[in-house]
Amino acid sequence: IVKVIINTKTFFIFDKFIKLMTDPISIKIRKVKNNILLGRKQFIVDVVHTEKSNVPKRELQKKLAEIFKISDESTISLFGFKTRFGGLKSTGFGFIYNNIIFARETEPLYRLLRNKLIEVNKISSKQRKERKNRFKKTRGKEKSKIKNQS
C-alpha cells in the first residue's frame with residue numbers, strides 16, 4: 001500500500017494498481033485448459049491498457065509468445081475481444097496450438113488468413129462467373145476437368 005497526496009487529500013493505493021498505471025499494457029491469463037485432442041492450450045485473456053484505447057492482436061501475440069516462450073507467433077490465435085465500458089480493459093479468447101498443422105486443421109478460414117497461415121488466390125469476379133456458367137453446362141467427368149483447370 002502506497003500513500004499518495006493530491007491537493008491535500010490523502011489516498012491509499014495498492015501496489016498492483018500502481019503497477020497497472022506504470023505499464024502501458026498488462027496481460028492476465030485465466031482459465032487455462034490444455035486440450036490434448038485439438039493440440040492446443042485455450043484460455044481467456046484480460047488486457048489492461050491504460051494509455052491506449054485498444055491493443056492490436058499482433059502486439060498481444062508477441063507478448064504472449066514471450067510469456068509462453070513460443071518461437072512461432074502464428075500458432076497463437078486471438079479472437080472475440082470486447083472492451084469494457086469506459087475503456088482501460090479488454091477481454092477475449094486465445095488458443096496456442098502445438099504446431100501449425102493442428103492450427104490449420106481446426107481454425108476457421110478467416111482466422112487462418114488473419115494469422116497468415118494460408119493465402120487465397122484472388123480471381124476476378126468475371127472469371128469466377130464464367131467458370132460458374134461453364135460448370136453449369138457440363139456433366140459427369142468433364143466437371144472435374146473444369147475444376148482442375150482453375
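Which pattern does the protein chain follow when read along the sequence? In this predicted model, the order of elements is β-β-α-β-β-α-β-β-α-α-α-α, and the secondary structure comes to six helices and six strands in the protein chain. Of the 150 residues of the chain, 26% count as buried. Among contacts between residues at least 6 apart in sequence, 45% join residues that are at least 24 apart.

Four of the strands form an open sheet, in which the order is β3-β4-β6-β5 and the pairing is antiparallel. The edges of this sheet are taken by β3 (25–35) and β5 (76–83), each of which has a single partner strand, so that one side of each is left without a neighbour in the sheet. On average, and with direction ignored, neighbouring strands of the sheet are turned by 20° against each other. Strand β3 is joined to the antiparallel strand β4 (residues 40–49) by nine bridges, and the two strands form a hairpin with four residues between them, where Gly39 in the turn has a positive phi of about 65°. Individual pairs can be followed along this hairpin: Lys33 stands opposite Gln42 of β4, Ile29 stands opposite Val45, and Ile27 has Val47 as its bridge partner. Strand β4 also pairs with β6 in the antiparallel sense, again over nine bridges, and here the bridge partner of Val45 is Gly92 in β6. Nine of the 10 residues of β4 are buried, so this strand is largely enclosed by the rest of the structure.

Helix α2 (residues 57–68) packs on the sheet, where it touches β3, β4, β5 and β6 (89–97), and the direction of the helix makes about 125° with that of β5. The 12 residues of α2 reach 16 Å from the first C-alpha to the last, which is close to the 16 Å expected at 1.5 Å a residue. Within the helix, the buried residues are Leu60, Gln61, Leu64 and Ala65; they cover an arc of only 140° around the axis, which puts them on the same side of α2. The elements that cover these buried residues include β3, β4 and β5. Just after the helix, Lys69 takes a positive phi of about 55°.

The packing of helix and sheet is reflected in the nonpolar cores. The largest nonpolar core has 11 residues in all, namely Ile25, Phe43, Val45, Val47, Val55, Leu60, Leu64, Ala65, Ile76, Leu78 and Ile96, and at least two residues of this core are supplied by each of β4, α2 and β5. When neighbours within four places in sequence are left aside, Leu60 is in contact with Ile27, Val47, Val55, Leu78 and Phe81. A second core, separate from the largest one, consists of six residues, including Phe79, Phe95, Leu112 and Leu117.

The segment leading into the edge strand β3 was also examined. Pro24 lies in the loop between α1 (15–22) and β3, and Pro24 is partly exposed, with a relative accessible area of 39%. Residues up to four places away in sequence not being counted, Pro24 touches Val48, His49, Thr50 and Glu51. Pro24 and Lys52 are 28 residues apart in sequence, whereas the C-alpha to C-alpha separation in space is 7.5 Å.

Terms used
Residues numbered from 1 in each chain as written. Predicted model: local features only at pLDDT ≥ 70, side-chain atom pairs only at ≥ 80, totals over all residues. Heavy atoms only, no water. Pairing = 2+ DSSP bridges. Axes fitted to C-alpha atoms, helices over the stretch in contact; angles between N-to-C directions. Contact = heavy atoms within 4.5 Å. Expected span 1.5 Å × (residues − 1). Buried < 20%, exposed > 50% of the residue type's maximum accessible area, 1.4 Å probe, protein only. Arc of directions from axis to C-beta. Core = buried A, V, L, I, M, F, W, Y, C linked by side-chain atoms within 4.5 Å.
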